[in-house]
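Dear colleague,

I am handing over the structure we spoke about, and below it you will find my notes on what turned up when I went through it. Please read them with the coordinates open beside you.

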Amino acid sequence: MTNQEITQILKNVAAAYTIRDEAKNKFKIIAYQRAADAVEHATLEIKDLWDEGKLNTLPGIGPSITSHLDELFRTGRVKHFEEVLKGLPEAIFPLLKVTGFGAKKAYKIVKNLKLKDKDTVIDDLIAACREHKIAKFPGFGEKSEEDILRNLLEAKQGKIKKARMALPYTDAIAQKIIAYLKKSPQVLRADPLGSLRRRVSTIGDIDIAVATNNQKAVIDYFLEYPGIERVVEKGETGATILTSGGKQVDLRVQKPQSYGSLLQYFTGSKDHNIHLREIALKKGLSLSEYGIKPLKKNQKSIRHPPTGGADKNQNYNSKLKIFEFSTEEGFYGAVDLPWIPPELREDMGEIEAAQKRELPTLVEIGDIVGDVHIHSDFNLEPSHDLGISSMKEIAQKARSLGYQYIAFTDHNPSITNHTEDKIYSILKRRKEAIEQFYQSTKIVRVFNMLEIDILADGRLAVDDKSLSLLDGAIASVHGSFNQPKDKMTRRIIGVLTHPKVKILGHPTGRLLGQREGYEVDWKEIFEVCLKYNKALEINAFPLRLDFPDVLVREAVRKGVKMVISTDAHEVSEMDRMVYGISVARRGWAKKGDILNTLEYNEFWKWLK
DNA sequence: GCCGTTTTCGGCCCGACTGTTTTCAGTCG
C-alpha cells in the first residue's frame, strides 16, 4: 500500500462526504482532505510509520483516521470507508483526477447519464459530450459542455491535474516569460511564485507575479506572449494561459504597495499559509493576498498598524481597512516572524523555528568553491557516455564560476571490453595526462577521480591496483535497479567502506517522471557515512535532482555530509549547480553540511 | 475529524473566476 494509494482512498472518502451532505460534513471533509494532503506530502512511507506505531505524529492524522488506517493495513479494508462510499457509483472517482471536476460535478454527471463502469467512464463521457447530452442538464450549458470535453481529451493525453515537469526545465520556460514581461515599461517587478519559487524538484503550473500601477495593461501584454496555445481565463487580478508546450502559466498582478502580500500568498505552500493564518487569527488578524486586516470584531480597537510601529514597507489603506505590504519582510514582521526562505515554506517546522528565531542559514550558490563530478572528453573507453568538453574548457569554465578546484570523474573503462591490466594502463595514462594538464595550465586545482559502477554483485568495476592511481572515487549504481531492499543496501555499503570511495553518486537512482529510486535502508547508509566519513551526492542533473530534498533533511539531521555536483558532460551544464543548491536548501542544509564549500586544502584533507 | 501561546470545547484560511445564473454553485490555488 503506497502513500499514493492511501492518498487516493482518503480523497475518495472526502468526495463521498461532499456528495452525501456537504453542509453537514463541512469540517469532516476538510479534515479528510488535509489528511490526504498530509499523506501525499509525507516524507516517509506511511506504512513504515504505521509499523513503528507513529501514525498519529503526522499533522492532520488524528485518532479516528489512525484507527481506520490501522484497519486498512491489518485487513486490507475499512468498514467505515465502505459504508461512506456505499451506494455511490464508482465511475465518479476517475473523473476527480480530471481538471474542472470536483466531487459534485462528477456525481451529477455520472448520475444523470447513469454511468457505471469506472474503466470506461472517460470515454463514455466524451461520447456524451459529442452527442450534446450534457448541455441539457440543469446548471450546465453549451460552454460548460465544451470545457468538459476539452478537459477530458486533455486528460486522455496524460495532461492530468498532476502532470509535473522537472524544475530546471520549468525554470527555463518561466525565465523566458519573465524576461518577456520585464520588457514592458509597466512591469516594475516580476518574480516566480508557487512551487517554482519554493524550488520544488517537479513543478506543475508556472505562477508569476508582477508589480505594476497598470494592471490591465500588463494582463493584456501577457496575453500577447508569442508562445500561447490558448487563454484559459482572464480577470482583473491576473490571467491563465496554456503555452504551446502544454504548460499552464498563471499571472498575478498587484500594485507595488501590496506586492509583498501577493508574493507571500501565492508562494505558499498551502499548508504553510494555513498555519500562518491560524497564528494570525489568534492575534485577531486576517491574512490575504491584499494584506492584513483586523478581524471585524477587533476592527474598532485597532488604530495602529499590526506591528505596533511605523514600517516603511507597510501602509494603511483606510478605504479598504487593510494594512498593505510592499515586501514579504514587512508581511511576516506583522505576525511577529522573521522572513522565511521560500524553500522552507512547507509547514515542516519552519514556522516553529522562525518563532524561536532558529531558522538555519541555508547554503548559497556563492558558498560553492568546487565541482567534483564532471565528465571530460578524455577517452578511457568508458562503460557509459563520455563528456564532450576538454579538460582545458572545463577548467576555464570552473575559473569563470569562481571555483578553486574541480574533479575529473569520467566513467570507469568498460569491464566487458578490457582486462584489469588494460584498465590499469588506461588509468595510468589518464593520471599522467591530468598531472601534465595541471602543471602546464594551473587554471584551477584538479583532482584525479573516477565515477565507478557498483556492479550487481556488489563489487566495484575497478580493482584495488587501479584504484590506487586515483585521488578518490564516486561510486554509483547504473544498473540492476530492482534488487530487493536488503540486497541493494548491502551492495552499496560494501563499496562505500572502501577507502578510495568517498562519495555515493546520485544516491537513489531516481529519474524524475520516469523511474522511481531503488529501495535502500537509508538509516544504515547514514550510519556508514558517519562512521567512515563518506559523503552523499546531491546531483544537480535536471532529471535526477538526487538526493531528494526530504532525504537531504534526514541526512542533515543525522550530521551526514554531502557534496553538490553537476555531473556535467559539457561545460554549459556546469551552470546547473544552482539546482543542486535548491535541493540542498529545501533539505535545510547549511554551508557546513556541504563539503564542496571547503577551501581546497580542507577538501583535499577530507579526500585523502 | 482535527487541534490547542485565549480553547479538551468550539472553532476550523481566503478570495478569484467561470458559467449559468438574476444572487449562486462549483472549482481552483
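A polar contact, as the term is used here, is a pair of N or O atoms within 3.5 Å. With that cut-off in mind, and bearing in mind that this is a predicted model, I begin with the DNA.

**Contacts with DNA strand B**

The side chain of Lys108 places an N or O atom 3.3 Å from a phosphate oxygen of DNA strand B, and Lys143 likewise has a polar side-chain atom 2.6 Å from a phosphate oxygen of that strand. Arg277, by contrast, addresses a base, since one of its polar side-chain atoms lies 3.4 Å from a base oxygen of DNA strand B. For the strand as a whole, 80% of its atoms within 4 Å of the protein belong to sugar or phosphate, while the rest belong to bases.

In total 45 residues surround DNA strand B, and the closest of them are Gly100, Gly102, Gly141, Lys143 and Tyr265. Sorted by character, the residues of this surface comprise 17 charged, 14 polar and 14 nonpolar ones. Several elements supply at least two residues each, among them α7 (103-113), α9 (142-156) and the strands β5 (228-234) and β8 (285-288). The largest share, 5 residues, comes from α14, the helix that spans residues 270-282.

**Helix α13 and Gln264**

How many of the 9 residues of α13 are buried? The count is 7, so this helix is largely enclosed by the rest of the structure; the buried residues are Tyr259, Gly260, Ser261, Leu262, Leu263, Gln264 and Thr267. Gln264, which is found in this helix (residues 259-267), has a relative accessibility of 3% and therefore counts as buried. Leaving aside neighbours within four places in sequence, Gln264 is in contact with His272, Asn273 and Leu276, and also with Glu328, Phe331, Tyr332 and Arg345. After α13 comes Gly268, whose phi is positive, near 70 degrees.

**Salt bridges**

The structure holds 34 salt bridges, and I picked out three for a careful look.

In the pair formed by Asp171 and Arg199, the closest N and O atoms are 3.3 Å apart. Asp171 lies in helix α10 (residues 167-182), whereas Arg199 lies in the loop between α11 (194-197) and β3 (202-203), so the pair ties together parts that are 28 residues apart in sequence. Both Asp171 and Arg199 are buried.

Lys431 and Glu435 also form a salt bridge, with their closest N and O atoms 3.3 Å apart, but here both partners lie in helix α18 (residues 420-441), 4 residues apart, which is about one turn of the helix. An α-helix has 3.6 residues a turn, so residues three or four places apart point the same way. Both partners are partly exposed, Lys431 with a relative accessible area of 27% and Glu435 with one of 43%.

The third bridge joins the side chains of Glu573 and Arg576, at 4.0 Å from N to O. The two partners fall on either side of the 20% limit under which a residue is called buried, because Glu573, with a relative accessible area of 17%, is buried, while Arg576, at 23%, counts as partly exposed. Elsewhere, salt bridges that share partners join Arg198, Glu346, Asp549 and Arg586 into one network.

With best regards

Key
Residues numbered from 1 in each chain as written. Chains lettered and ligands numbered in written order. Heavy atoms only, no water. Near = heavy atom within 4 Å. Polar contact = N/O pair within 3.5 Å; in protein donor to acceptor, adjacent residues only side chain to side chain. Nonpolar A, V, L, I, M, F, W, Y, C, P; charged D, E, K, R; others polar. Buried < 20%, exposed > 50% of the residue type's maximum accessible area, 1.4 Å probe, protein only. Contact = heavy atoms within 4.5 Å.
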